[in-house]
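Colleague: I would like to go through the ligand site and ask how each term is justified. Please show me the model.

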Amino acid sequence: MLATTTAPPEPNMKFFVDTAEISEIRELAATGLLDGVTTNPSLIAKSGRKITEVIAEICDVVPGPVSAEVAATDYKEMLREAAVLKAIAKNVTIKVPLTPDGLRACHALSSEGTMVNVTLCFSAAQALLAAKAGASFISPFVGRLDDIGMNGMDLIADITQIYNNYPAIKTEVLVASIRNPIHLIEAAKMGADVATIPPSVIKQLYSHPLTDKGLAAFLVDWAKTGQTI
Ligand code: G3P
């Protein structure tokens with residue numbers, strides 16, 4: 001009889017949370033379902049805290065990748081800022097914008113073994129460039145494309161198809177600017193590696209009216225039995 005080989009199962013989709021609010025991160029980390037965190041300059045500004053302090057605190061709570069974004073727009077200054085951010089903790093992932101300088105910084109950082117998340121991706125061509133620059137993650141923004149009347153999920157379909165054509169590409173597709181659970185489900189159907197999700201949308205993932213209704217009925221019936229376990 002011929003020996004059969006079974007391909008190893010694909011790892012599950014990773015869930016990152018898109019926030020710099022430490023209380024929300026602690027709450028989500030306690031669920032055991034959180035794989036990482038992404039921040040950006042707007043989220044840091046919203047937190048009202050110093051970037052180095054808040055990133056250090058997040059890295060203490062979440063062992064997975066924690067994206068901290070450079071604010072500089074030129075290559076040299078990006079590398080200087082990246083050195084400051086990298087020194088905070090081993091799990092800091094340097095986030096750079098999808099610009100010529102950002103991709104040059106991505107190439108330099110990834111060549112020395114630093115994880116890089118290339119952000120503000122709005123086209124498949126940009127995603128190809130990021131993969132060539134050695135990015136660990138590419139962040140296509142689906143919600144912001146929807147906002148301008150385009151279909152953000154079409155971009156995820158294009159990027160996953162292109163990356164799948166080249167097994168040597170190790171860049172993970174990190175779906176960003178997620179606005180609702182449908183974005184997440186569509187991304188998972190396409191086999192995207194990671195989704196970074198706002199806390200409000202993570203809470204929505206748990207909810208279904210039939211779950212609530214069914215549980216209420218079970219509790220009523222159980223009470224009638226007078227039993228305890
Ligand atoms: O962190 C990047 C991305 O997820 C931002 O999302 O909602 O500001 O478009 P949004």
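Modeller: A residue counts as near a molecule if one of its heavy atoms lies within 4 Å of it. This is a predicted model.

Colleague: Which residues surround the ligand?

Modeller: The ligand is surrounded by Asp-18, Asn-40, Lys-95, Phe-141, Arg-144, Ala-176, Ser-177 and Arg-179.

Colleague: What makes the approach of Asn-40 to the ligand a polar contact?

Modeller: A polar contact needs a pair of N or O atoms within 3.5 Å. An N or O atom in the Asn-40 side chain is 3.0 Å from a ligand oxygen, so the pair qualifies. For Arg-144, a side-chain N or O atom and a ligand oxygen are 2.7 Å apart, so that pair is a polar contact too. A polar side-chain atom of Ser-177 also lies 2.7 Å from an oxygen of the ligand.

Colleague: How much of the ligand does the protein bury?

Modeller: Alone, the ligand exposes 310 Å², and the protein buries 82% of that.

Colleague: How do you know that the ligand sits in the second largest pocket?

Modeller: Sitting in a pocket requires more than half of a molecule's atoms to lie within 2 Å of the pocket's grid points. The ligand is assigned to the second largest pocket, so it passes that test. That pocket holds about 230 Å³ of space. Its lining has 16 residues, with Asp-18, Asn-40, Arg-144, Ser-177 and Ile-178 nearest its centre.

Methods
Residues numbered from 1 in each chain as written. Predicted model: local features only at pLDDT ≥ 70, side-chain atom pairs only at ≥ 80, totals over all residues. Heavy atoms only, no water. Polar contact = N/O pair within 3.5 Å; in protein donor to acceptor, adjacent residues only side chain to side chain. Areas by Shrake-Rupley, 256 points an atom, 1.4 Å probe, with all protein chains shown as cover. 1 Å grid on protein atoms, 1.4 Å probe; cavity = no way out; pocket = protein on both sides within 12 Å on 5 of 7 lines; lining within 4 Å. Points joined across faces, edges and corners; volume = space filled by probe spheres on them.
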